[in-house]
Amino acid sequence: MPDRAPRRTAAVPCSAVTATAPAKVNLHLEVLRRRDDGYHEIETILQTVSLCDEVRVALRERDAGGPPRISLSVEPSGSVPASRLNLAWRAAELFCRTGGLGGELDLQLTKRIPVEAGLGGGSSDAAAVLAACNRLYGTGLSPGSLEEMGAELGSDVPFFIRGGTQVARGRGTDLQPLPGINKGKFLIVKPDIALRTSDVYAGLNMGLTLRSPKVNIRTVEALIARFPTGSWFGANRLEEVVLPTQPALQRLVQSLRESATVALMCGSGSAVFAVFGDERRRDEAWQEVVQPGWQAWAVDPWPGGVRVRDDADRA
Ligand code: ATP
């Protein structure tokens, strides 16, 4: 069994927990090159925000032999698959397989983060389930071990174990913490367009392009100390694939940039976020840009990553 395999510890396990799974935005996203393994080498600054899914995980018959029996329900029903295709299910399966753990695991997922929006909802749900299983089985794995396990499920999963403000490099799994951003009024707007991450990356005309990393930690730390006042250097390379073919998104980004400190597409889109110095300016921008049929959220920076609480502790 590898070092990071979940093992029972002396901690008293509980039978049901609820995990909160925040969304992320990319304060900067550069694609450096295409790798031989099919992934892209990126350099990004990730920030968790207070738009959250919730996953309740209940464990019964923890000592039953054999592989776990997993069930999943999703609210609103049909928003994402309630099957093994769901990253929450696959996270539970991976956790149990790695540690040779069984039992009956019942997952109830409440989706609030829109799908195919570039907000990382599926990855955050997966991280939430790993953290929830760690608590339920009393296995006491370190955050680092959960991150390592999460990397098998998706490039953004390790980030959601840590959360806050991080530089992510490699395929997005090599994390370096930055001082946490705790100011700024964030607006997220999701037009009625869904974009698949793989299609957007496939549309990047990389050829033999080799771009250099731009994130200088000292400079970024100084910008964060003033955030959201002052200038912000960040850009999203994937906008050059998406915006020319999506005029409504192009107009949305442009008009947000007139009043916000920073306005960028979230990851591979189609959601866009903007940061304002105060609520009044954010509200004005909301009134101005959000069109019928679109969704919008006023959110704050979320310190840290997924959070787990025992259901017994619920008010
Ligand atoms: P990213 O920025 O990580 O690409 P995204 O917002 O573009 O995130 P998600 O919404 O996380 O993408 O997921 C996209 C795909 O993953 C969808 O096709 C969806 O069916 C599938 N998926 C599997 N599990 C989940 C989940 N728990 N939540 C959302 N999508 C999921």
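A polar contact is a pair of N or O atoms within 3.5 Å. This cut-off is applied below to a predicted model of a protein with its ligand.

By this criterion, Asp156 makes a polar contact with the ligand. One of its polar side-chain atoms lies 3.3 Å from an oxygen atom of the ligand. Asp125 also uses its side chain. Here a polar atom is 2.9 Å from a nitrogen atom of the ligand. Gly122 takes part through its backbone instead. A polar backbone atom of Gly122 is 2.7 Å from a ligand oxygen atom. On its own, the ligand has 610 Å² of accessible area, and the protein covers 81% of this.

The ligand occupies the largest pocket. The shell around the ligand holds 20 residues. Asn86, Lys111, Gly122, Asp125 and Thr197 are the closest of them. By type, the shell divides into eight nonpolar, seven polar and five charged residues. Helix H2, which spans residues 121-136, gives the most to this shell. The contribution of helix H2 is four residues.

A further polar contact was examined within the protein, at Asn236. This residue is found in a loop. Helix H6 (217-226) and helix H7 (239-242) lie on either side of that loop. Asn236 has a relative accessibility of 5%, so it counts as buried. The cut-off for buried is under 20%. The side chain of Asn236 reaches the backbone nitrogen of Leu238 at a distance of 2.8 Å.

Key. Residues numbered from 1 in each chain as written. Predicted model: local features only at pLDDT ≥ 70, side-chain atom pairs only at ≥ 80, totals over all residues. Heavy atoms only, no water. Near = heavy atom within 4 Å. Polar contact = N/O pair within 3.5 Å; in protein donor to acceptor, adjacent residues only side chain to side chain. Areas by Shrake-Rupley, 256 points an atom, 1.4 Å probe, with all protein chains shown as cover. 1 Å grid on protein atoms, 1.4 Å probe; cavity = no way out; pocket = protein on both sides within 12 Å on 5 of 7 lines; lining within 4 Å. Sits in = over half its atoms within 2 Å of the grid points. Helix = DSSP H or I, 4+ residues; strand = E, 2+ residues; numbered from the N terminus. Nonpolar A, V, L, I, M, F, W, Y, C, P; charged D, E, K, R; others polar. Buried < 20%, exposed > 50% of the residue type's maximum accessible area, 1.4 Å probe, protein only.
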